[in-house]
Every structure is written in structure tokens, then in C-alpha cells.
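Please look through the structure shown here, which is followed below from one helix to the sheet beside it.

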Amino acid sequence: MVSTELSPIEKAKRDAAYACAKKHVYPGCKLGVGSGSTVKYLVEYLEHAYKGGSLKDLVCVPTSFMTKKWLVDSGLPVSDLDSTPVLDVCIDGADEVDADLTCIKGGGGCLAREKIVQHASRKFLVIADHTKEAVSLGDRYQFLPIEVLPFASTPVCLEIPRLHGGTAGLRMAMKKAGPVITDNGSYIIDWVFPKQKKMDWKAIQAKLADTPGIVDTGLFIDVVDEPEWDGISIFLMLSRQGVKCFSRMPMEVSRVSRRMKRILRNARTLLRFNCYSYIAQGNR
């Protein structure tokens, strides 16, 4: 018999998605729904809550073809930015989040639509398991996805390493001959950026966004309200103010500074805390 029990990482993704949705999605909510494996658990929660009657008048705006399919298959109400141009909340995953809450997204090739939906939302939340957490971008995720018009793909591939270092190449499809094609009909360039020097991501985003042919990059800077994590045994929601710690049993809430959290993580002692969740309130 094949086991249906979730792996620790998959359980972490599910727990993060469920906790975030329980806290931030409400009846009548106009919700931007991101893309990726963690978001699939968000859709799972939304289906149960909507069909159970606790999320009446919910409206979902997907960021990708696959997310739209998940929503439709789950019987959830789907809209788009033409009909619902202003959203209350957007919940999405991330490929990596650094200590400054700068995110790399776009591993699934949906970065431009994800950024558009994020921009249309009053509040943006990131859900992720603990493996996406990093001190600096590049610690875990090795490249930055960049969406580019096909006509410009070759010169852009040459220009990015010349100006910023590293290497760049078209992302090739796994089950078709040729490059990955986004929902917008664009290509994806994966830029393996230099890891040996500190990167000014705001400046790099501005330069790349100003390059003719680039649609957008997978950098999400200064947009995260409250990243929400779940580790193997802990649930994390980080903010610029630090983190608060709750155990499964009632306990005094304690605030842990970002510096102390880094020390604990680097010493690999974070999971030794007898705590279930780290919860923090953060504003944009």
C-alpha cells in the first residue's frame, strides 16, 4: 500500500498555507492567489473553507494557468484583474527570502503575473517552508529568473553577464523541444549571479527593468508585509520588527531579534526550541 502521509517539508508547506489563510482570508475577500507547490495547499484550504460556508463571497484572482486550473477544479470563484482590479490580499510562495525580506520568485515561470497581482493587492503575504529562508539571496537559490520578450532574448542574455557578472541562459523546457514559454508568451532567462560580492538588489532591479526587452525580474523588494514560514517542527512568520515565539502550550510571548535569530539558525539550535510558532505583526 502506498503511504499518503506527507513528508516533513510538504507538511511544513501545508501548515504555513493553512495558518496564513486562517488568519488573513475572510468572507468577501478579494484574494490574489500565487503559484507554486506551497500555494496548492492554500487552494486546498480555500476549497474546504468555501464549501464549508466560512468563506462566503470569496473572489480569487490567479497568477498563472496552473493556479487557475486548481481553483476551477476546486469549485472556487475565479476572476481576473479586468473584473477585479483591486485586491484585498495576495498570498504567494517564494523560492528564497533573505534577512531583508527581499524575495526571489519565478522558479515556476510566473514572475511577471505574480508581481502584477501583488501590485494590485493592498496586502502581500509570503508563505514558505523553512528551506527557503536565507541570510543573503543566493545562499540556497542559485539564480534569478528574468522574463524577456523572445525577440530580445539573445542580446539580453549577453548583456546581463557583461554588466553584472555571472552567467545567463534561456530556461529550457523539460517536455518540449525549446525554451520555456510563460503564460504571457515570453521566455525565461535564468541569471546565475555572482555570489562572492554583496549585491545592491534595488539598483540591479532598476537597471534590469530599464533594459529593453525585459518584462520583469523575479526580485520582490520591499513588498512583503509578513512572510509566513513553517519548518519541520516550527511555524515562522517574520517581520521587520523581529519574531515572536509561541509554543503549542500557552507560554509567555518572547521577542527574538533578527540578529539573535541568525545566531540561533547558524548554530543550528533553532529547532531545539520547544515552540510551535513564531508569529509577528508587520506592516509595509
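Which exposed residues does the face of α5 turned away from its buried side carry? In this predicted model, that face carries Thr-154, Leu-158 and Arg-162. The buried residues of α5 are Ser-153, Val-156, Cys-157, Ile-160 and His-164. Seen down the helix axis, these buried residues fall within an arc of 105°, so they line one face of α5. The general background is that an α-helix has 3.6 residues a turn, so residues three or four places apart point the same way.

The length of α5 can be checked as well: its 12 residues, 153–164, should span 16 Å at 1.5 Å a residue, and because its end C-alpha atoms are 16 Å apart, the expectation and the model agree. Just after this helix, Gly-165 takes a positive phi of about 85°.

The buried residues of α5 pack against the strands β7 (144–148), β8 (167–170), β9 (187–192) and β10 (214–217), and also against the helix α6 (201–209). Those 4 strands form an open sheet in the order β8-β9-β7-β10, with antiparallel pairing, and its edge strands, β8 and β10, each pair on one side only. From one strand to the next, the twist averages 25°.

Within the sheet, β7 and β10 run antiparallel and are joined by 3 bridges, and Glu-147 stands opposite Asp-216 in β10. Helix α4 (residues 111–119) packs on the sheet, where it touches β7, β9 and β10, and its direction makes about 70° with that of β10. Helix α6 also packs on the sheet and touches β7, β9 and β10, but its direction makes about 165° with that of β10.

Definitions and conventions
Residues numbered from 1 in each chain as written. Predicted model: local features only at pLDDT ≥ 70, side-chain atom pairs only at ≥ 80, totals over all residues. Heavy atoms only, no water. Helix = DSSP H or I, 4+ residues; strand = E, 2+ residues; numbered from the N terminus. Expected span 1.5 Å × (residues − 1). Buried < 20%, exposed > 50% of the residue type's maximum accessible area, 1.4 Å probe, protein only. Arc of directions from axis to C-beta. Contact = heavy atoms within 4.5 Å. Pairing = 2+ DSSP bridges. Axes fitted to C-alpha atoms, helices over the stretch in contact; angles between N-to-C directions.
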